[in-house]
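Here is a friendly walk through one protein model, meant to be read with the structure open beside you. We begin with a single residue and work outwards.

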Amino acid sequence: MAEKKVSLPAKLINGGVAGLVGVTCVFPIDLAKTRLQNQQGVQVYKGMLDCLAKTVRSEGYFGCYRGAAVNLTLVTPEKAIKLAANDVFRQKLSKDGHLPLWGEVLAGCGAGTCQVVVTTPMEMLKIQLQDAGRLAAQRPVKAPAQAAAAPGPAPSLVAPPPAQPNPPPRPSATGITVKLLKTRGLAGLYRGAGATLMRDVPFSMIYFPLFANLNALGQERVGNVEVQAPFWQSFVAGCAAGSVAAVAVTPLDVIKTRLQTLQKGEGEDTYRGIIDCTRRIMRREGPAAFLKGATCRALVIAPLFGIAQGVYFLGVGETLLGLLE
């Protein structure tokens with residue numbers, strides 16, 4: 001089967017569909033990653049499985065999808081910008097149909113830079129919603145003995161127990177957005193943009209060239225025509241390249257998550273910028289803290305890009321465009 005040429009609109013549709021399906025499948029693991037990365041003093045969760053189990057126990061099954069609506073809403077334009085930018089840069093940097101390795105790296109760099117326009121506010125809102133459950137689990141519960149020790153007349157034996165304080169309302173994406181716009185303006189939604197850029201640009205610089213080269217291994221040519229790689233090869237190449245890139249940039253993802261988290265738990269640090277965050281994490285938690293959530297990131301990114309290759313191989317975008325013609 002000859003290597004098929006896919007139009008840009010079809011690529012955008014494929015990217016959007018892959019993003020929607022992928023986010024739905026792996027979002028609970030992404031939530032665990034965010035909560036594990038934000039742990040500083042009080043260790044609410046021992047690991048990914050413990051985090052997911054406690055989340056389901058305290059917040060229900062759909063608690064694992066807190067913040068998913070933001071991702072599902074913005075993942076399509078994010079993927080569209082990323083794929084379109086990478087496609088444009090690859091075409092501009094190609095010479096006689098050949099793209100050297102440095103061109104692949106630069107194309108990935110350009111794609112990662114362009115997608116930050118959508119990725120930063122999406123991550124900003126998603127992190128607040130994901131981390132709310134961890135903060136709620138940290139809040140101390142007032143013990144009955146503390147109430148009994150309070151001065152005043154002894155309570156009646158038949159009196160009803162004192163009313164428990166109402167838990168704080170759950171944050172919503174709309175409420176967070178309005179508050180940020182009122183207090184900090186548009187810049188509030190782009191807090192941590194520099195750290196997001198530091199993460200996404202190296203990720204794209206690693207992923208796109210690595211995937212292209214892994215996918216080309218063993219790829220045959222019939223005359224001057226390249227034969228399309230089989231599905232399993234594209235799927236494995238997408239998973240492998242995604243996992244390697246995800247783990248490689250995990251330290252930058254930890255810094256980005258810490259900077260974008262607005263509400264901190266008791267005794268947790270706040271940061272003035274990327275350098276201050278890096279120094280404080282290194283001093284208080286050691287170098288191992290920069291790899292928090294690395295396993296979760298690999299488990300999230302690998303299926304996302306594997307699904308993307310599956311959608312591309314099946315030609316979902318081409319089929320939908322064909323139906324509309």
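Apart from its neighbours within four places in sequence, Ala195 is in contact with Lys256, Leu259 and Ile274, where contact means heavy atoms within 4.5 Å. This is a predicted model, in which local features need pLDDT of at least 70 and side-chain atom pairs count only at pLDDT 80 or more, while totals for chains, interfaces and linings use all residues. Residues are numbered from 1 along each chain as its sequence is written, and side-chain values use heavy atoms, with hydrogens and water left out.

**Around Ala195 and Thr196**

Ala195 sits in helix 8, which covers residues 193–216. Helices (H or I, at least four residues) and strands (E, at least two) are DSSP runs, numbered from the N terminus. Is Ala195 buried or exposed? Ala195 counts as buried because its relative accessibility is 3%; the cut-offs are under 20% relative accessible area for buried, over 50% for exposed, and partly exposed in between, with a 1.4 Å probe and protein chains only. Ala195 and Ile255 are 60 residues apart in sequence, yet their C-alpha atoms are 7.0 Å apart in space.

Thr196 is also found in helix 8. With a relative accessible area of 0%, Thr196 is buried. Not counting residues up to four places away in sequence, Thr196 touches Val116, Thr119, Thr120, Lys256 and Gln260. Lys256 is thus a partner of Ala195 and of Thr196.

**Helix 10**

Lys256 leads us to helix 10, residues 250–260, which is mostly covered: nine of its 11 residues are buried. Which residues of helix 10 are buried? They are Thr250, Asp253, Val254, Ile255, Lys256, Thr257, Arg258, Leu259 and Gln260. These buried residues pack against helix 1, helix 4, helix 8, helix 9 (231–248), helix 11 (274–285) and helix 12.

**Three more residues to look up**

The table sets out three further residues, with partners that leave aside neighbours up to four places away in sequence.

| Residue | Place | Relative accessibility | Contacts |
|---|---|---|---|
| Thr76 | helix 3 | 30%, partly exposed | Gly16 and Leu20 |
| Asn86 | helix 3 | 7%, buried | Ala107, Gly108, Ala111 and Phe208 |
| Lys126 | helix 4 | 3%, buried | Phe27, Asp30, Gly67, Val70 and Asn71 |

Two of these rows also come with a distance. Thr76 and Leu20 are 56 residues apart along the chain, and their C-alpha atoms are separated by 7.2 Å. For Lys126 and Ala173, 47 residues apart along the chain, the C-alpha separation is 7.7 Å.

**The cavity**

Rolling a probe the size of a water molecule over the atoms shows where empty space is left. The structure holds one cavity of 30 Å³ or more, and the largest cavity has a volume of about 410 Å³. Here a cavity is a set of points, on a 1 Å grid over the protein atoms alone, where a 1.4 Å probe fits but cannot get out; lining residues have an atom within 4 Å of a point. Grid points are joined across faces, edges and corners, and the volume is the space filled by probe spheres set on the points.

Which lining residues are closest to the centre of the largest cavity? Of the 23 that line it, these are Glu78, Glu123, Arg199, Ile301 and Leu304. Helix 1 (8–38), helix 3 (68–93), helix 4 (101–138), helix 8 and helix 12 (294–314) each give two or more residues to the lining. By class, the lining has 11 nonpolar, two polar and 10 charged residues. Ala, Val, Leu, Ile, Met, Phe, Trp, Tyr, Cys and Pro count as nonpolar, Asp, Glu, Lys and Arg as charged, and the others, Gly among them, as polar.

**Helix 1 against helix 2**

The axes of helix 1 and helix 2 (residues 48–59) come within 9 Å and cross at roughly 105 degrees. Helix 1 is therefore roughly perpendicular to helix 2, a label for angles of 65 to 115 degrees. Axes are lines fitted to C-alpha atoms, for helices over the stretch in contact, and angles run from 0 to 180 degrees between N-to-C directions. From helix 1, Pro28, Ile29, Leu31, Ala32, Arg35 and Leu36 meet Met48, Cys51, Leu52, Thr55 and Glu59 of helix 2. This contact has eight nonpolar, one polar and two charged residues.

**The whole chain**

Stepping back, the chain has 13 helices and two strands. Of its 325 residues, 45% count as buried. Among contacts between residues at least 6 apart in sequence, 80% join residues at least 24 apart.

How values were computed. On a 1 Å grid over the protein atoms alone, a cavity is a set of points where a 1.4 Å probe fits but cannot get out, and a pocket is an open set with protein on both sides within 12 Å along at least five of seven lines; lining residues have an atom within 4 Å of a point. Angles under 35 degrees count as roughly parallel, over 145 as roughly antiparallel, 65 to 115 as roughly perpendicular and the rest as oblique.
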